[in-house]
Amino acid sequence: MARYVQKSSYETTHLDNEWIILNTEEYTVTTLNDVGGFCWSLLKEEQTSESLTQAVGREYQATEVSEREIEEFLSHLMECGLVKYAV
């Protein structure tokens with residue numbers, strides 16, 4: 001199973017229910033909702049889509065999120081250059 005981790009240390013700001021990630025290497029700004037920001041904070045360490053799905057389930061007990069949705073989220077972060085496969 002693929003493991004993911006943040007590509008580098010980026011500037012991150014958490015305002016209300018929105019997370020803003022500043023990629024100073026590629027001059028991009030990515031905004032995430034609260035669930036995405038929660039996942040982002042966990043990606044400081046290696047994570048799989050399964051481990052993130054379980055963590056979201058524990059943190060947001062009322063929110064159902066599927067592993068497929070987490071995989072799509074991780075794919076989006078890869079396209080933005082924010083995460084990479086952990087070796």
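Start by selecting glutamate 69, which is partly exposed, with a relative accessible area of 38%. Keep in mind throughout this tour that the model on your screen is predicted. Glutamate 69 belongs to helix 3, a helix that spans 67-79. Now add threonine 53 to the selection. The two residues are 16 apart in sequence, and their C-alpha atoms are 8.8 Å apart in space.

**Next stop: serine 49**

Move to helix 2, residues 49-59, where you will find serine 49. Is serine 49 buried or exposed? Serine 49 is buried, with a relative accessible area of 5%. Show side chains here and look for glutamate 71: its side chain makes a polar contact with the side chain of serine 49, at 3.4 Å.

**Along helix 1**

Now select residues 34-42, which form helix 1. Colour Gly36, Gly37, Phe38, Cys39 and Trp40, and you have a run of buried residues in this helix. Then step back to the start of helix 1 and display asparagine 33. A side-chain oxygen of asparagine 33 comes to within 3.2 Å of the backbone nitrogen of valine 35.

**The two cysteines**

Stay on helix 1 for a moment and pick cysteine 39, which is buried at 1% relative accessibility. Which cysteine has the sulfur closest to that of cysteine 39? It is cysteine 80, and the two sulfurs are 14 Å apart, too far for a bond. A disulfide would need the sulfur atoms within 2.5 Å, so cysteine 80 is in no disulfide either, its nearest cysteine sulfur being that of cysteine 39. The count for the model is 0 disulfides.

**Into the largest pocket**

Switch on a surface and look for the largest pocket, which has a volume of about 150 Å³. How many residues line it? The lining has 10 residues, and those nearest the pocket centre are Asn33, Val35, Gly36, Val65 and Ile70. You have already visited asparagine 33 and valine 35 at the start of helix 1. The elements that give two or more residues to this lining are helix 1 and helix 3, the helix in which you began with glutamate 69. If you colour the lining by residue type, you should see 5 nonpolar, 3 polar and 2 charged residues.

**Over to the strands**

Select residues 11-15 for strand 2 and residues 18-23 for strand 3. These strands pair in the antiparallel sense, over 5 bridges. For one of the partnerships, click on leucine 15 and then on glutamate 18, its bridge partner in strand 3.

Between the strands of this hairpin there are 2 residues. Aspartate 16 lies in that loop, between strand 2 and strand 3. Check its backbone: phi is positive, at about 50°, although aspartate 16 is not a glycine. Aspartate 16 also counts as exposed, at 74% relative accessibility.

**Last stop: tyrosine 27**

Where does tyrosine 27 lie? Follow the chain into the loop between strand 3 and strand 4, the latter covering 28-33, and you will find tyrosine 27 there. Tyrosine 27 has a positive phi near 55°, in a residue other than glycine. With a relative accessible area of 74%, tyrosine 27 is exposed. Put aspartate 16 and tyrosine 27 on screen together to close the tour: aspartate 16 has a positive phi of about 50°, and tyrosine 27 has one near 55°.

Definitions and conventions. Residues numbered from 1 in each chain as written. Predicted model: local features only at pLDDT ≥ 70, side-chain atom pairs only at ≥ 80, totals over all residues. Heavy atoms only, no water. Buried < 20%, exposed > 50% of the residue type's maximum accessible area, 1.4 Å probe, protein only. Pairing = 2+ DSSP bridges. Helix = DSSP H or I, 4+ residues; strand = E, 2+ residues; numbered from the N terminus. Polar contact = N/O pair within 3.5 Å; in protein donor to acceptor, adjacent residues only side chain to side chain. 1 Å grid on protein atoms, 1.4 Å probe; cavity = no way out; pocket = protein on both sides within 12 Å on 5 of 7 lines; lining within 4 Å. Points joined across faces, edges and corners; volume = space filled by probe spheres on them. Nonpolar A, V, L, I, M, F, W, Y, C, P; charged D, E, K, R; others polar.
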